[in-house]
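Got the viewer open and a selection box ready? Here is a tour, stop by stop, with something to pick at each one.

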Protein chains: 4
Amino acid sequence: MIEFEIPQDVRALRDRVRAFVDRELLPLEVTGGAGPPDPETIAAVRAKARAAGIYGPHLPRRYGGLELDWRSIAVVFEAAGRSLLGPLAINGAAPDEGNMHLLREVGTAEQHERYLKPLAEGTVRSCFAMTEPPPGAGSDPSMLRTRARKTAEGWSIHGKKWFISGAEGAAFAICMARTSDDPTGRRGATMFLVDADNPGMKVERRIETLDHMTPGGHCVVMFEECQVDDAAMLGEVDEGFRYAQLRLAPARLTHCMRWLGVATRAHEIAVGYAAERTAFGRRLSEHQGVAFQLADTEIELHAARLMIWHTAWLLDRGERARHESSMAKTFVAEAVFRAVDRAVQVCGSLGVSNDIPLATFLRESRPFRIYDGPSEVHRMAIAARLFRRSGSVA
Amino acid sequence: MIEFEIPQDVRALRDRVRAFVDRELLPLEVTGGAGPPDPETIAAVRAKARAAGIYGPHLPRRYGGLELDWRSIAVVFEAAGRSLLGPLAINGAAPDEGNMHLLREVGTAEQHERYLKPLAEGTVRSCFAMTEPPPGAGSDPSMLRTRARKTAEGWSIHGKKWFISGAEGAAFAICMARTSDDPTGRRGATMFLVDADNPGMKVERRIETLDHMTPGGHCVVMFEECQVDDAAMLGEVDEGFRYAQLRLAPARLTHCMRWLGVATRAHEIAVGYAAERTAFGRRLSEHQGVAFQLADTEIELHAARLMIWHTAWLLDRGERARHESSMAKTFVAEAVFRAVDRAVQVCGSLGVSNDIPLATFLRESRPFRIYDGPSEVHRMAIAARLFRRSGSVA
Amino acid sequence: MIEFEIPQDVRALRDRVRAFVDRELLPLEVTGGAGPPDPETIAAVRAKARAAGIYGPHLPRRYGGLELDWRSIAVVFEAAGRSLLGPLAINGAAPDEGNMHLLREVGTAEQHERYLKPLAEGTVRSCFAMTEPPPGAGSDPSMLRTRARKTAEGWSIHGKKWFISGAEGAAFAICMARTSDDPTGRRGATMFLVDADNPGMKVERRIETLDHMTPGGHCVVMFEECQVDDAAMLGEVDEGFRYAQLRLAPARLTHCMRWLGVATRAHEIAVGYAAERTAFGRRLSEHQGVAFQLADTEIELHAARLMIWHTAWLLDRGERARHESSMAKTFVAEAVFRAVDRAVQVCGSLGVSNDIPLATFLRESRPFRIYDGPSEVHRMAIAARLFRRSGSVA
Amino acid sequence: MIEFEIPQDVRALRDRVRAFVDRELLPLEVTGGAGPPDPETIAAVRAKARAAGIYGPHLPRRYGGLELDWRSIAVVFEAAGRSLLGPLAINGAAPDEGNMHLLREVGTAEQHERYLKPLAEGTVRSCFAMTEPPPGAGSDPSMLRTRARKTAEGWSIHGKKWFISGAEGAAFAICMARTSDDPTGRRGATMFLVDADNPGMKVERRIETLDHMTPGGHCVVMFEECQVDDAAMLGEVDEGFRYAQLRLAPARLTHCMRWLGVATRAHEIAVGYAAERTAFGRRLSEHQGVAFQLADTEIELHAARLMIWHTAWLLDRGERARHESSMAKTFVAEAVFRAVDRAVQVCGSLGVSNDIPLATFLRESRPFRIYDGPSEVHRMAIAARLFRRSGSVA
């Protein structure tokens with residue numbers, strides 16, 4: 001039946017996460033643009049999160065996680081997302097979180113031991129090396145140009161990647177490379193696990209971006225005749241695109257969960273400010289020009305949350321939920337940005353200052369309308385499915 | 001737990017309703033502005049609906065209904081809403097549907113027999129006489145000016161009402177009148193059941209409006225020293241505003257369900273048209289300028305549906321759901337209109353013609369952003385609750 | 001130099017037109033959906049307009065007009081547009097106005113005498129028969145299917161047209177037919193003047209539409225081996241598409257002028273209502289949720305007016321102004337609809353009633369986002385020019 | 001008459017400015033967040049601008065300026081605004097530009113010599129110290145709390161200011177302080193010129209903000225029993241609010257001109273990128289989902305430009321243009337942000353990177369919807385005038 005009851009234990013966990021964020025993380029927030037926390041801080045908050053019993057909602061119990069289902073993860077990740085440090089504290093931040101999911105689904109026992117375990121325990125970071133500069137694979141993965149050539153000992157990867165989040169300081173990369181030719185370009189890629197100390201892989205530079213809270217930044221990564229052995233292959237040969245899809249729908253959704261948390265925090269700040277600040281003889285909250293903006297945020301974040309929950313439910317049933325995750329990604333990314341943008345507007349000059357975190361939220365959340373598939377690509381996919389289902393277009 | 005599973009029996013019922021609409025109602029649709037179906041047509045489709053086992057999803061079994069919970073009603077009403085005749089066929093149209101709900105909740109056994117029974121059986125129509133022309137009660141019910149004065153034999157009602165939907169031809173009206181003075185204006189009203197043959201009540205005129213598919217139209221109704229006895233009182237004296245709230249949240253939500261059905265139908269038509277029609281060397285569906293509009297509708301109707309389901313769940317738990325029903329009403333009314341407006345745009349000249357029903361849908365759905373509380377009043381209420389909850393404003 | 005000074009005489013004329021509308025036309029307005037004025041009423045108001053010295057701002061002096069330049073026409077047509085009867089009164093309504101422009105530019109002296117003169121004098125109506133039902137020419141004129149075959153005595157036209165505005169009761173049609181084949185479809189059409197009594201031309205039916213204030217409606221017109229002689233050709237053979245462009249840019253702009261007038265009237269009504277009506281203890285004008293909507297209309301109509309004036313200035317310089325007229329059409333059509341829609345919303349129930357003309361304005365203005373090129377086609381053209389000018393795309 | 005002809009000499013100047021920006025400034029742009037250029041760079045580009053004959057379009061000839069009228073300034077400032085360095089190079093950046101205007105209008109000959117001359121020559125910077133932290137004067141200037149008390153030798157100013165742009169390193173501040181009490185708060189302020197070395201004025205700190213290209217930042221400035229003599233008074237006592245208005249309308253408009261330049265540059269970049277980059281088998285320019293966004297920017301920047309020109313024309317006629325400058329500010333600020341936001345979106349990951357200047361433009365332009373009166377305050381003022389003019393509200 002249609003139900004929206006959050007189970008008692010999940011509610012309790014959510015409240016613990018909320019309290020943890022308020023108590024442990026908000027005081028650590030550097031609202032200014034100082035960048036991501038350093039590794040020591042991350043390690044410290046993870047230790048505290050573990051002690052508080054909130055570490056790894058999405059992780060297997062054998063790695064110290066809580067092994068929740070997607071719906072519960074949705075509830076908990078949103079609560080953690082109220083601070084940009086929250087996802088890091090519970091080890092649920094991108095790109096590691098998506099990589100762990102992928103490794104669990106596709107990796108061998110050996111790969112689990114070598115890559116998943118340290119990642120899940122939070123002692124290393126990773127990156128996902130798929131996107132390439134023009135004319136390579138950006139929004140359109142079929143344009144993948146990085147190639148892996150079979151050698152006697154294994155494979156030799158050659159190509160240039162960019163906007164590889166978290167690359168600097170990552171212990172390893174999951175690299176996507178073309179291994180077979182295909183007329184549509186949509187088949188024939190393979191994923192490889194490449195260790196950071198592989199001499200054939202090099203972080204060329206960090207790309208300065210509007211957002212700067214991702215540990216390891218967004219980087220240009222070169223693969224130059226990068227040699228890996230057969231055991232470095234993640235999953236089957238030529239199945240890379242399928243695995244990428246496997247990673248994408250949930251990764252996209254956890255992104256939505258985290259950003260919804262950011263938006264709710266921005267909303268709280270704006271509501272609090274509007275209730276206090278006075279202008280033209282009234283509190284801002286009594287000016288409908290302000291109040292209606294916040295009403296719109298209230299409505300849209302409510303809709304966003306329900307769309308996330310619905311997709312999470314589909315994932316819990318084992319469905320791929322591509323249509324629904326595309327719709328959620330598009331709506332949530334845009335609703336989150338509007339929510340943050342309105343919060344900034346309501347808080348006026350203070351809103352664009354680093355005295356409060358809204359300006360940071362604006363900078364950090366803007367790229368979400370682009371990362372993990374820009375809205376335009378999702379709308380294209382949604383429309384294509386729409387016409388396909390209506391039976392009218394091949 | 002959070003679930004979105006529609007039970008098997010409800011799905012089967014929904015599919016029956018869908019098939020019924022396609023088979024029985026679409027052929028009857030006069031897409032042009034011919035107005036509501038005549039009483040004979042309504043009686044005929046109700047008989048068919050009864051035969052098809054889909055009559056009265058919201059009605060008690062003792063009146064021939066299906067007595068579903070709100071969530072199931074949401075599913076079924078949406079399916080019925082695909083045709084403007086659908087809600088009439090299942091006797092789930094406004095204002096009767098809301099009046100039946102109110103009568104069930106507040107009426108005496110005698111009133112049930114006399115008013116609810118024929119209404120539920122679909123042999124009579126009713127109206128709800130609350131709104132008044134300026135300077136009376138419009139969006140702001142506290143401005144209520146119609147008064148009922150205690151007399152020896154009962155009450156004498158005096159006042160002018162307008163936009164009383166369905167008044168022409170209604171067997172009775174539920175009239176809201178002030179019975180006590182109150183400084184805030186928000187207390188002291190009483191509801192009365194007034195028979196159509198009461199010489200003190202007169203339908204002065206039908207107001208021509210943008211929409212014209214409501215049987216009985218939207219009318220100006222005069223109460224001129226209209227005498228009723230004590231048994232005409234619906235519920236307790238001075239409790240009228242409370243009952244109005246009792247009626248409003250569900251009535252608002254069933255409105256959303258029905259209009260969502262209209263919007264899905266508009267969307268289907270537009271998708272079908274875009275898949276067929278060619279311009280500039282491609283099908284319209286291959287023009288993103290068209291396809292993206294339909295993707296947006298797909299996303300927004302999905303969000304609208306989830307918001308309706310969520311509020312329905314709250315109602316099923318016995319909550320009043322005022323915040324959530326306000327959010328749903330605002331979002332759904334605006335999303336429905338955008339959906340219909342886009343469908344019209346996609347279909348071009350054909351879309352504004354009466355050759356297909358989109359122009360009718362546009363006309364009929366526009367007032368929904370105003371009826372049952374304009375978006376502005378809901379945003380005001382949503383914001384007020386928001387600030388109240390944040391603890392910052394009295 | 002950049003100037004916005006309206007010359008004294010044009011201002012005086014505008015004020016006369018404004019006064020004329022208020023005095024003569026507003027009392028005639030049937031706000032309900034009664035349809036266009038009958039020929040007698042049109043003749044009567046034209047006589048009055050002539051007497052008031054405001055007839056034919058766009059018409060040559062030899063036909064009794066004022067022979068103004070486009071900028072002055074912009075000022076005067078906006079003032080006339082405040083009533084839907086205004087353009088009819090000054091004989092500046094579509095489609096006659098565009099047809100007169102075309103006849104002046106392309107017609108022979110004989111055609112001027114036979115067709116332009118009675119049209120300009122306002123004693124007959126005309127229509128422009130270009131658009132066709134699918135799969136013919138709609139937004140994409142290159143899909144033109146109606147054909148004219150050379151015969152010994154002249155031409156034989158064969159094809160089906162629809163949405164031919166004003167066809168019923170028109171004295172003649174300007175019919176666009178393909179006369180040569182062309183691989184792109186964008187060349188090889190010719191225009192013909194066809195008299196209403198030609199047995200080969202038949203108004204098959206009037207298409208019921210959302211709008212219904214155009215005299216002669218929007219019709220399906222059949223050409224069945226319709227014989228015309230060579231003198232019926234308007235302009236040169238195979239030059240029809242070029243002439244259509246010649247007609248379009250100004251016709252599109254005068255549409256904008258008239259609809260801007262409608263929007264300003266809607267705005268006036270809403271401002272007046274908001275200043276009077278009270279709710280929740282204040283006048284609506286003191287609720288920012290209302291006031292901000294009207295501020296947005298104020299801003300957008302100001303921008304709309306400037307865009308119209310700018311394009312009119314280009315036309316006065318002899319430029320074709322295709323880019324600017326496309327931008328103006330798109331912006332104005334959408335701004336006008338938003339303005340009317342907001343006015344309806346502000347006036348609430350009254351706004352959707354026919355007690356005031358807003359509901360009519362909503363119905364009449366909605367198709368303007370489609371007629372004369374839907375927004376999507378204009379955006380396509382604007383973007384194409386944008387990329388062409390940037391030198392990057394062929 | 002209505003004209004849009006840019007005079008030949010102004011067009012030539014605009015083209016020189018454009019060429020100057022391309023040749024001299026674009027190479028200097030640090031697209032990353034490195035902050036404003038250092039004083040040496042500013043001095044160097046000013047020297048070059050002077051040599052190129054483009055320095056000081058708005059400045060009197062006696063200070064080396066071009067002494068143009070507002071319409072010509074509009075044309076030239078837009079061209080200069082294509083780089084964030086442009087306004088600095090021609091000494092037309094905020095807040096100096098507005099301060100120079102104010103000094104010219106209100107200052108004494110002595111003040112011209114001492115303050116205006118070096119400012120106009122570009123050897124010093126200044127700031128305008130009006131806004132205060134809550135509960136002081138923000139959007140609502142009547143909440144001004146900083147006070148100046150008459151002393152024997154002159155005045156003693158006491159109060160706290162924040163978001164004082166350019167304060168760090170400014171040679172002097174124009175400080176607004178209350179000198180008389182007034183029940184409405186809207187009268188009784190006086191402006192004072194305070195030298196940077198006055199021991200009573202102190203830049204307490206620089207507020208980190210989303211934007212960071214303003215030389216001297218946005219600062220908290222303390223006035224602690226700050227002593228100035230009578231000659232420090234700018235204009236008459238108690239006339240400060242009137243002068244602030246005098247400064248505001250033009251200052252607001254020059255802001256619009258500069259930001260329009262930024263938006264046109266962003267638009268150029270996005271158009272160029274879309275024409276080159278390929279995805280899903282076509283250039284981005286051939287995806288309407290991209291192309292329509294750029295068409296919307298094209299339309300809106302066109303409207304923005306016309307609104308600026310119109311207000312500039314009013315200023316040239318000596319009108320205060322409060323309504324029109326409010327409308328222009330609101331529309332332009334929002335259109336500019338949408339333009340930049342769309343450009344970022346179109347360029348995808350590259351758009352949020354500092355490899356191109358769009359991310360910087362986004363950060364810098366966002367506060368413009370807040371600075372110089374947030375959109376909400378302008379909408380409030382626009383609506384108030386609207387109702388006042390309609391004669392309906394006091």
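How many residues of chain B are in contact with chain C? Keep in mind that this is a predicted model, then select the two chains: 37 residues of chain B are in contact with 37 residues of chain C.

**Stop 1: the side of chain B that touches chain C**

Colour chain B by secondary structure. Elements that each supply at least two residues to the side touching chain C are β10 (278-279), α8 (288-316), α9, α10 (358-365) and α11 (375-389). The top contributor is α9(B), which gives four residues. Now switch to colouring by residue type: that side of chain B divides into 15 nonpolar, 12 polar and 10 charged residues.

**Stop 2: the axis between B and C**

Try superposing chain B on chain C. A rotation of 180 degrees does the job, with 0.0 Å of shift along its axis and an RMSD of 0.0 Å. Which residue of chain B comes closest to the rotation axis? Select R363(B), whose C-alpha is 3.8 Å from the axis. Both copies use the same surface here, as 100% of the contact residues of chain B recur in chain C.

**Stop 3: the bent helix in chain B**

Stay on chain B and select residues 322-352, helix α9. If this helix of 31 residues were straight, at 1.5 Å a residue it would span 45 Å, yet the end C-alpha atoms of α9(B) are only 36 Å apart. Where does α9(B) bend? Centre the view on V346(B), where the helix turns by about 90 degrees. Then bring the surroundings back into view: 28 of the 31 residues of α9(B) are buried, so the helix is largely enclosed by the rest of the structure.

**Stop 4: chain A against chain B**

Next, show chain A alongside chain B. A turn of 180 degrees and a shift of 0.0 Å along the axis lay chain A on chain B, with an RMSD of 0.0 Å. That is the relation of a two-fold axis. To find the axis from the chain A side, pick E3(A): its C-alpha is the nearest in chain A, 2.4 Å from the axis. Of the interface residues of chain A, 100% are also interface residues in chain B, so the copies meet through the same surface.

**Stop 5: chain A by itself**

Hide everything but chain A. Its secondary structure comes to 11 helices and 11 strands. Along the principal axes, the C-alpha atoms of chain A fill a box of roughly 80 × 55 × 45 Å. The radius of gyration of chain A is 21 Å, which agrees with the value near 21 Å for a compact globule of 394 residues. Buried residues account for 60% of the 394 in chain A. If you draw a contact map, take the contacts in chain A between residues at least 6 apart in sequence: 72% of them join residues at least 24 apart.

**Stop 6: a glycine in a loop**

Zoom in on G200(A), in the loop between β6 (189-195) and β7 (201-207) of chain A. Is G200(A) buried or partly exposed? It has 15 other C-beta atoms within 10 Å, so G200(A) is partly exposed. Add H158(A) to the selection: the C-alpha atoms of G200(A) and H158(A) are separated by 8.6 Å, although the two residues are 42 apart along the chain. Leaving out residues up to four places away in sequence, G200(A) touches several others, among them I157(A), F223(A) and C226(A).

**Stop 7: two cis peptide bonds**

Go to A94(A) and P95(A), which are joined by a cis peptide bond with omega about 0 degrees. P95(A) sits in the loop between α4 (86-89) and α5 (96-106) of chain A. Over in chain B, the bond from P134(B) to P135(B) is also cis, with omega near 5 degrees. Look for P135(B) in the loop between β2 (126-129) and β3 (147-150) of chain B.

**Stop 8: two positive phi values**

In chain C, select D238(C), a residue other than glycine with a positive phi, near 65 degrees. The loop holding D238(C) runs between β9 (233-234) and α7 (240-276) of chain C. Finish in chain D with F280(D), another non-glycine residue with a positive phi, here near 55 degrees. F280(D) lies in the loop between β10 (278-279) and β11 (282-283) of chain D, and with 13 C-beta neighbours inside 10 Å it counts as partly exposed.

Methods:
Residues numbered from 1 in each chain as written. Chains lettered and ligands numbered in written order. Predicted model: local features only at pLDDT ≥ 70, side-chain atom pairs only at ≥ 80, totals over all residues. Expected span 1.5 Å × (residues − 1). Bend = angle between axes of the 7 residues up to and from the residue. Buried ≥ 20, exposed ≤ 12 C-beta atoms within 10 Å, placed from the backbone. Contact = placed C-beta atoms within 7 Å. Nonpolar A, V, L, I, M, F, W, Y, C, P; charged D, E, K, R; others polar. Least-squares fit on C-alpha atoms with pLDDT ≥ 70 in both. Rg over C-alpha atoms; globule rule 2.2 N^0.38 Å.
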